[in-house]
Amino acid sequence: MIETKIPVLPPGLEGETQFILTLTIDEILWELESQPVQVRVEWWGQSPEESQIFTPVDVENFTKSKIGDVLFARYEIKTSAHKLTEYLRDASPLKVDVIDVNDQVVGTTLVHNLQQITDSSCGFEGYYPVAYSETKEIIANLRIHLILETIDEFNQKSKAK
């Protein structure tokens, strides 16, 4: 049996889980010719081994990447809302890399104002432009959604399913 470790934010904290942060990266809309890619997210303070890999759907062709099937990740938050807001302010912007089959970065986008998720019951989402690493030309747009729930809200929603 494979045991998957749920990542913790801020990294390295231990204790009781107070919130669940769900990060969804489920769509990529190419401006150029599409290619099989993954998306790598590494939060401030995480080691590269702790980064999360996503495989968004190519919306134009309605195809999943051939190199995986991960659309969202959940993070356990083991601190208060106030301390989380401070961490998110320090961690902003969140760098999101689009990587090819050879694990090379082909483009990057940045998610600013992360601390806003602590003020909203519906989180925030949008399409974020991915800039080609060398020319800064926009090559794609990623749909990114962040939502923060208390552990009680998350458990109630999970039981209702």
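**Why these labels apply: burial, salt bridges and an aromatic pair**

Student: Why is D103 called partly exposed?

Tutor: D103 has a relative accessibility of 45%, and the scale calls a residue buried under 20% relative accessible area, exposed over 50% and partly exposed in between (1.4 Å probe, protein chains only), so D103 counts as partly exposed. This is a predicted model, in which local features need pLDDT of at least 70 and side-chain atom pairs count only at pLDDT 80 or more, while totals for chains, interfaces and linings use all residues. Residues are numbered from 1 along each chain as its sequence is written, and side-chain values use heavy atoms, with hydrogens and water left out.

Student: What makes the contact of D103 with R40 a salt bridge?

Tutor: The term requires a side-chain nitrogen of Lys or Arg within 4 Å of a carboxyl oxygen of Asp or Glu, and the closest N and O atoms of D103 and R40 are 3.2 Å apart, which satisfies that limit. D103 lies in the loop between β7 (94-99) and β8 (105-111) and R40 in strand β3, so the pair ties together parts 63 residues apart in sequence. Helices (H or I, at least four residues) and strands (E, at least two) are DSSP runs, numbered from the N terminus. R40, at 19% relative accessibility, counts as buried.

Student: How do you know that R143 is joined to D26 and E125 in one network?

Tutor: The side chains of R143 and D26 meet in a salt bridge, at 2.9 Å from N to O, and this pair connects strand β10 (residues 138-150) with strand β2 (residues 19-30), its members being 117 residues apart. R143 also forms a salt bridge with E125, at 2.5 Å from N to O, and here strand β10 is linked to strand β9 (residues 124-132), across 18 residues. Salt bridges that share partners thus join D26, E125 and R143 into one network. R143 is buried at 17% and D26 is buried at 18%, whereas E125, at 47%, is partly exposed.

Student: Why is the pair of W43 and Y75 called edge-to-face?

Tutor: The whole structure holds 2 aromatic pairs. For W43 and Y75 the ring centres are 5.7 Å apart and the planes stand at 75°, so the pair is edge-to-face, since rings of Phe, Tyr and Trp (its six-membered ring) pair if their centres lie within 6.5 Å, and planes under 30 degrees apart count as stacked, over 60 as edge-to-face and the rest as tilted. W43 and Y75 are both buried.
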